[in-house]
Amino acid sequence: MKKKLVLGMVSMMGLFSLAACGNSANDAVVETKAGDVTQQELYDAMKAKVGDQYVSQLAMTKILEDKYKVTDKEIDAAYKTFEDQYGDQLASMLQQSGYTEKSFKSDYLKFDLLSTKAAEASVDTSDKALEAYYKTWQPNITVEHILVADKAKADELHKKVTTGGNFEELAKANSTDTGSATQGGKLAPFGPGKMLPQFEKAAYALKNKGDISPVVKTDAGYHIIKMLDHPAKTDFAKDKAQVKKDYLASKVTAESKTAALEKLYKKADVKIDDKDLKDAFKQYDGSASTDSSTTK
């Protein structure tokens, strides 16, 4: 039931820094009896492999930072959401993608947060817009769940959790949602539209802490849901801060981020001095869409 972690390119910051340091491009970074690997060779190899993607992100980060700021506190908070969602699996997932915790924060999360702020800047957050959104808005809720593939197994577990069985321990031992299972089945807080419809309906039907749902079938399997926190909707003035946060989140998409970056790129007077990197900014200058349309 968790969102899929989609990481960007493999972090190459340290390697590019290594290739750029020293007094000479011919200085060796690796020495062998068969021959040395020079800084220039390393740089050329990395440029050929990830140069376009990496240099565009480096440049766009500078362009974004000229207008928006992201604090270490914001980056740490964003990282915490991944920790809450993926638990013990996060470290291995980052490692498989070539990230350390430090590089994930500095390369991936920082750029994503800056891009988010750029997209948010074009969203109408007037009281009129927020009040219209508030009519259907619901507070985020927090639940635990157990997911299994078999209905009979779900019925067996449901009987246990409703007759005194420890929900968290049963989730750890049985749930096939391995990310939340390690957390005793706990999911990150979510609002309407964030989960599968059947799951969301059953979760929001639980009003009190400790309430347990019937067995719920979704495309993912069979769920048992336990309510941890279901805040009540109060009034617009009291809920406004969270309403604004959720409204912005509903409006910021991958497409709106790209649109915001395209606008910033066009105003930044970007010049590419390395001919090998001439296509690095195609996704922002409009040539990518032009190329695709001419090849249809």
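Hi everyone, this is a short walk through two cores, a serine and a strand in this structure. Please keep in mind that we are looking at a predicted model.

Let's start with the largest nonpolar core, which has 30 residues. Met60, Leu64, Phe82, Phe104, Leu109 and Tyr284 have the most contacts inside it. Several helices feed this core: helix 2 (39–65), helix 3 (72–86), helix 4 (89–96), helix 5 (101–120) and helix 12 (254–267) each supply at least two residues. The biggest giver is helix 5, with eight residues. Apart from this core lies another one, of 13 residues, including Phe199, Ala202, Ala203 and Leu206.

If you'd like one residue to click on, try leucine 109. Leaving aside residues up to four places away in sequence, leucine 109 touches Ile75, Ala78, Tyr79, Phe82 and Phe104.

Now stay with helix 5 for a moment, since serine 103 lies there too. Is serine 103 buried or exposed? Serine 103 counts as buried, because its relative accessibility is 13% and the cut-off for buried is under 20%. Its side chain reaches the backbone nitrogen of threonine 100 at 2.9 Å.

Last stop: strand 3, residues 142–148. Seven of its seven residues are buried, so strand 3 is largely enclosed by the rest of the structure. In a regular strand, side chains alternate between the two faces of the sheet. Here, Thr142, Glu144, Ile146 and Val148 point one way, while Val143, His145 and Leu147 point the other way. And the partner? Strand 3 runs antiparallel to strand 5 (residues 221–229), and seven bridges join them. At threonine 142, the residue standing opposite is aspartate 229 in strand 5.

Thanks for listening!

Conventions:
Residues are numbered from 1 along each chain as its sequence is written. This is a predicted model: local features need pLDDT of at least 70, side-chain atom pairs count only at pLDDT 80 or more; totals for chains, interfaces and linings use all residues. Side-chain values use heavy atoms; hydrogens and water are left out. A nonpolar core is a set of buried Ala, Val, Leu, Ile, Met, Phe, Trp, Tyr and Cys residues joined through side-chain atoms within 4.5 Å. Buried means under 20% relative accessible area, exposed over 50%, partly exposed in between (1.4 Å probe, protein chains only). Helices (H or I, at least four residues) and strands (E, at least two) are DSSP runs, numbered from the N terminus. Contact means heavy atoms within 4.5 Å. A polar contact is a pair of N or O atoms within 3.5 Å; within protein, one must be able to donate a hydrogen and the other to accept it, and residues adjacent in sequence count only if both atoms are side-chain atoms. Two strands pair if DSSP finds at least two bridges between them.
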